[in-house]
Amino acid sequence: MNRTEKKFLENIRRQQLVSHGDAVLLAVSGGPDSMALLHLFAAVVPVLRCRLGVAHCNFTLRGEESDGDEAFVRDACAELGLECHVRRFDTTAVSAAWKKSTEETARLLRYEFFDELCRESAFTRIATGHHSGDNAETVLFNLFRGAAASGLHGIRSKHGKIIRPLLPFTRREIVAYLEEKGSGWRVDYTNEGVEHDRNFIRNRVIPVIEERFALKFTPSMQRISEQAGELEAFIEQHISRLLKANPGLDLAAGKLHVGAMRQLSIFEQKEILKRALKLRGLPVDSQALGRIAGLLDRQAGRSVPAGAGVEVVKQDGFLRFRQTGDPSNHR
Ligand SMILES: Nc1ncnc2c1ncn2[C@@H]1O[C@H](COP(=O)(O)OP(=O)(O)OP(=O)(O)O)[C@@H](O)[C@H]1O
């Protein structure tokens, strides 16, 4: 086992991504990241003692190139003696029917296919090739979409059945590993444009940052996103304890005791309001949170809109969520 394979195995163990007896479905596009995932798993499988299989989606969006990717993945699986599940999709037609972008459609089709394979072929884990560069890109992307501090967690290494064992690796390490193994990979030239926000961040923004902060940027983003993930878990635990200990704060009934809320920090108040809004399927944004939290200091009888025909009123010592019957109240 070489150094990269040892690091890979060590990460899987440390984060408990795979257990003995698991059946791991590797999502392989043929690109460098998922090809590295394939070779790394093939190298450590005797130690992990799990079953391996591969899934490839041919989205038929790039004609012969797409078919070339499929053939490449099939050959690699045959060489490694791995079962290979391939499905072709008419992505353009499906995206028109679903009225979604081709990227979003491909994503949805991909996960639907993987879930189906889990059900039918008893896979217990789905592994993808996301690496630290993808994480940096996601953190920046979330930032520009207006994420809250705790939302900067980036890509999770484990989420339901999905595992991302390459997250601690950089693209540089991945390419070096493939070269060492003598493995090739496929290049998707459509990823090189800048018209989609994600590609713009990947191909335009990140290279400029890296030009100045060469080796610091990706590890810093990795650290921030790890801490944000831990912070999020901590907040979740803290707020659920707080709610349990305080019967005056009843999210399900939409009744929050004003006195109890005022004992809390503004951060805790907003976290509780966020959950109350989410529970009702109402939009959560910083303006709405500020408006509702502001009610705590206003006179009884005052109300503020919470969106989608719902308002929050201060009444009898409680903040109450109630239907106004006015669907034009979308703020
Ligand atoms: N055509 C494909 N067939 C199988 N797996 C794929 C395919 N395309 C992508 N994947 C899997 O998804 C991972 C991420 O790919 P990519 O970065 O293109 O997608 P993304 O949209 O950023 O990811 P996500 O699936 O989280 O939305 C790849 O490393 C690979 O594991």
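**Note on helix α8, the domains and the ligand site**

1. Helix α8 bends by about 35° at I206, and a proline, P207, follows within four residues of that point. The structure under discussion is a predicted model, and the bend should be read as a feature of that model.

2. The length of helix α8 can be checked by simple reasoning. The helix comprises 16 residues, from 197 to 212, and at 1.5 Å a residue it should span 22 Å. The expected span is 1.5 Å times one less than the number of residues. In the model, the C-alpha atoms at the two ends are 22 Å apart, which agrees with the expectation.

3. Which residues of α8 are buried? They include N199, I201 and I206. I206 is also the residue at which the helix bends. The buried residues of α8 pack against two other helices, α6 (132-144) and α9 (217-245).

4. The protein chain is divided into two domains. Domain 1 is made of two segments, 3-133 and 153-193, whereas domain 2 covers 247-323. The C-alpha centres of domain 1 and domain 2 lie 43 Å apart.

5. Around the ligand there are 15 residues, of which A27, R107, R110, Y111 and H130 come nearest. For two of these, a distance to a ligand oxygen atom can be given. A backbone N or O atom of A27 lies 2.7 Å from an oxygen atom of the ligand. In the case of R107, an N or O atom of the side chain is 2.3 Å from a ligand oxygen atom.

6. G129 also approaches the ligand through its backbone: a polar backbone atom of G129 is 3.0 Å from an oxygen atom of the ligand.

Conventions
Residues are numbered from 1 along each chain as its sequence is written. This is a predicted model: local features need pLDDT of at least 70, side-chain atom pairs count only at pLDDT 80 or more; totals for chains, interfaces and linings use all residues. Side-chain values use heavy atoms; hydrogens and water are left out. The bend at a residue is the angle between axes fitted to the seven residues ending there and the seven starting there. Buried means under 20% relative accessible area, exposed over 50%, partly exposed in between (1.4 Å probe, protein chains only). Contact means heavy atoms within 4.5 Å. Domain bounds come from an automatic or database domain assignment. A residue is near a molecule or strand if one of its heavy atoms lies within 4 Å of it. A polar contact is a pair of N or O atoms within 3.5 Å; within protein, one must be able to donate a hydrogen and the other to accept it, and residues adjacent in sequence count only if both atoms are side-chain atoms.
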